[in-house]
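Trainee: I have a new structure to read. Where should I start, and what should I look for?

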Amino acid sequence: MSWLNYHHLLYFWTVARAGSIAKASQELHLAQPTISAQLKLLEESLGHKLFERQGRRLVLTDVGRTVLRYAEDIFRLGNELKNVVNGMPSGQGLRVAVGVTDVIPKLVAERLLQPAFDVSPDLRITCREGPLPQLLASLALHELDVVLADSPSPEPVSVRSFNHLLGKCGVSFFAAPRLAHLSKGFPRSLDSAPVLLPSDASSVRRSLEMWFDSRGIHPVITGDFDDYALLLAFGQRGHGVFAAPSVIEQEVCRQFNVSVIGHTDDIETCFYAISVERRLRHPAVVAIAETARSRLFG
C-alpha cells in the first residue's frame, strides 16, 4: 500500500495558501528548489498535476483544488488533535457547505437542513443560494458538499454528479383572508382568480401551468417571482393565491396568516440532494437525507 507523504502535502498546502513557491519558501524556511522537488514528488505519487503556470503565477488545477480542500481538513484536524490532547477546547466543529437552489421555499430548506445540527453540537453550516447551474459548478470544484434542488441535475451537463431523491409531496394552495372564499368550488374557483407563481426556473411552475391547462382553468397571474420568500410575502398581503409543497402546510398557515383553500396530489414537488459521490458520506449530509426520507416525506 502506498502511503501519502504528509510533508509533501504540507509543502503543497503552504504553496497554495501563499500563492507562490517564493513566499512558501520564506514561510517554511526552505530553499525554493527543495519545495519544487517535493511538489513534483507529490504530483507523481497522486498521478496528477496540482498546479499549472499562468504567466508568473501558479494556479491550482481542478485536481489541485480537490487536494487543497482535503489538505485543509487534514491540517485543521491535526491542530484540533493537538488542542484536545493538551486539554484545550478544539475550537473547531464539523463543517458542511450546502448549496440551495433559489426556487426552494426557505421553510422547506430549513426543515431539510435541521437534522444536520443533530449530528454535532458544534456544526458550522455554510449555505449558498443560487440557480442550479451555478451551484453545480461550485459542487464540481468541491466548494460545496451537497446541493439541494427541486429537480435532478440535468443530463447535458459537464459536472459529474449523482441525484439522491429525498422525497416528494403534493401541492397545497393558500390564500389570505380576503381570498379565502376561493376554497368554495376549488379548483374551478381559481378560474379568473389572481394567482402568484414561482419563476420559470422552478419545476413546479411548469407543473402548475400544465395542471391549470388540463382542467381548463385560466387564472390571472398577478406576479411571478425568482425569490420564493418574496412570493410568500405578496401572498400574505392578499395579492393572489399561491401554491407551496404540502409538507410545509402548517408552517405556511401559521407564519403567514393564510389558510389552505385546496390541495392536489396530481402535482408532485420533488426534492433532491445532488453530490459528486454515488454514495453520500458526509455525516451531516447523510442525516439530511435519512431524516427527509424517514420523517419529513416518510
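**Pockets, cavity, strands and cysteines**

Mentor: Begin with the second largest pocket. Helix α4 supplies the largest share of its lining, five residues. Keep in mind that this is a predicted model.

Trainee: What is the volume of the second largest pocket, and which residues are closest to its centre?

Mentor: The volume is about 250 Å³. The lining has 12 residues, and those closest to the centre are Leu4, Tyr6, Leu9, Leu46 and Ile74. Three elements each give two or more residues to this lining: α1 (6-18), α3 (32-46) and α4.

Trainee: How many residues of each class line the second largest pocket?

Mentor: Nine are nonpolar and three are polar. None is charged.

Trainee: Now the largest pocket. What is its volume, and which residues lie nearest its centre?

Mentor: The largest pocket has a volume of about 850 Å³. It is lined by 29 residues. Nearest the centre are Arg69, Asp73, Arg95, His142 and Asp145.

Trainee: Which element gives the most to the lining of the largest pocket?

Mentor: Helix α4 does, with eight residues. At least two residues each come from α4 (62-85), β3, β4 and α10 (283-296). So α4 is a helix to remember: it gives the most to the largest pocket, and the largest share of the second largest pocket's lining.

Trainee: And how does the lining of the largest pocket divide by class?

Mentor: There are 13 nonpolar, four polar and 12 charged residues. Set that beside the second largest pocket, with no charged residues in its lining.

Trainee: A pocket is open. What about enclosed space: how many cavities of 30 Å³ or more does the count give?

Mentor: A probe fits inside a cavity but cannot get out. The count here comes to one of 30 Å³ or more. The largest cavity holds about 120 Å³ of space. Its lining has 16 residues, with Pro105, Ser202, Val204, Pro245 and Thr269 nearest the centre. Helix α7 (203-214) and strands β9 (242-245) and β10 (259-275) each give two or more residues to that lining.

Trainee: Which classes make up the lining of the largest cavity?

Mentor: It has 12 nonpolar residues, three polar and one charged.

Trainee: On to strands. Is β3 mostly covered or uncovered?

Mentor: Mostly covered. Strand β3 spans residues 95-101, and six of its seven residues are buried. Next, look for its partners. β3 pairs with β4 (residues 124-130) in the parallel sense, over seven bridges. One bridge to find is Val96 with Ile125 in β4. To get from β3 to β4, the chain passes through helix α5 (residues 106-113), and this β-α-β crossover is right-handed.

Trainee: How many bridges join β3 to β5?

Mentor: Three, and these strands run parallel. β5 covers residues 146-149. Gly99 has Val147 of β5 as its bridge partner.

Trainee: How do I read the side chains along a strand such as β5?

Mentor: In a regular strand, side chains alternate between the two faces of the sheet. In β5, Val146 and Leu148 point one way. Val147 and Ala149 point the other way, and all are buried. β5 also pairs with β10, this time in the antiparallel sense, over three bridges. There, Ala149 has Tyr272 of β10 as its bridge partner.

Trainee: How many disulfides does a search of the whole structure find?

Mentor: A disulfide is a covalent bond between the sulfur atoms of two cysteines. The search finds zero.

Trainee: Why is Cys169 not bonded to Cys270?

Mentor: The sulfur of Cys169 has its closest cysteine sulfur in Cys270, but 8.3 Å is too far for a bond. The cut-off is 2.5 Å. Cys169 is buried, at 13% relative accessible area.

Trainee: And why is Cys253 not bonded to Cys169?

Mentor: Distance again. For Cys253 the closest cysteine sulfur is in Cys169, 14 Å away, so a bond is ruled out. Cys253 is partly exposed, with a relative accessible area of 22%.

Trainee: One last residue. Is Met210 buried or exposed?

Mentor: Met210 lies in helix α7. Its relative accessibility is 62%, so Met210 counts as exposed; the cut-off for exposed is over 50%. Met210 and Pro154 are 56 residues apart in sequence, and their C-alpha atoms are 21 Å apart in space.

Technical notes. Residues are numbered from 1 along each chain as its sequence is written. This is a predicted model: local features need pLDDT of at least 70, side-chain atom pairs count only at pLDDT 80 or more; totals for chains, interfaces and linings use all residues. Side-chain values use heavy atoms; hydrogens and water are left out. Buried means under 20% relative accessible area, exposed over 50%, partly exposed in between (1.4 Å probe, protein chains only). Helices (H or I, at least four residues) and strands (E, at least two) are DSSP runs, numbered from the N terminus. Two strands pair if DSSP finds at least two bridges between them. A crossover is right-handed if, with the strands pointing away from the viewer, the path from the first strand over the helix to the second runs clockwise. On a 1 Å grid over the protein atoms alone, a cavity is a set of points where a 1.4 Å probe fits but cannot get out, and a pocket is an open set with protein on both sides within 12 Å along at least five of seven lines; lining residues have an atom within 4 Å of a point. Grid points are joined across faces, edges and corners, and a volume is the space filled by probe spheres set on the points. Ala, Val, Leu, Ile, Met, Phe, Trp, Tyr, Cys and Pro count as nonpolar, Asp, Glu, Lys and Arg as charged, and the others, Gly among them, as polar.
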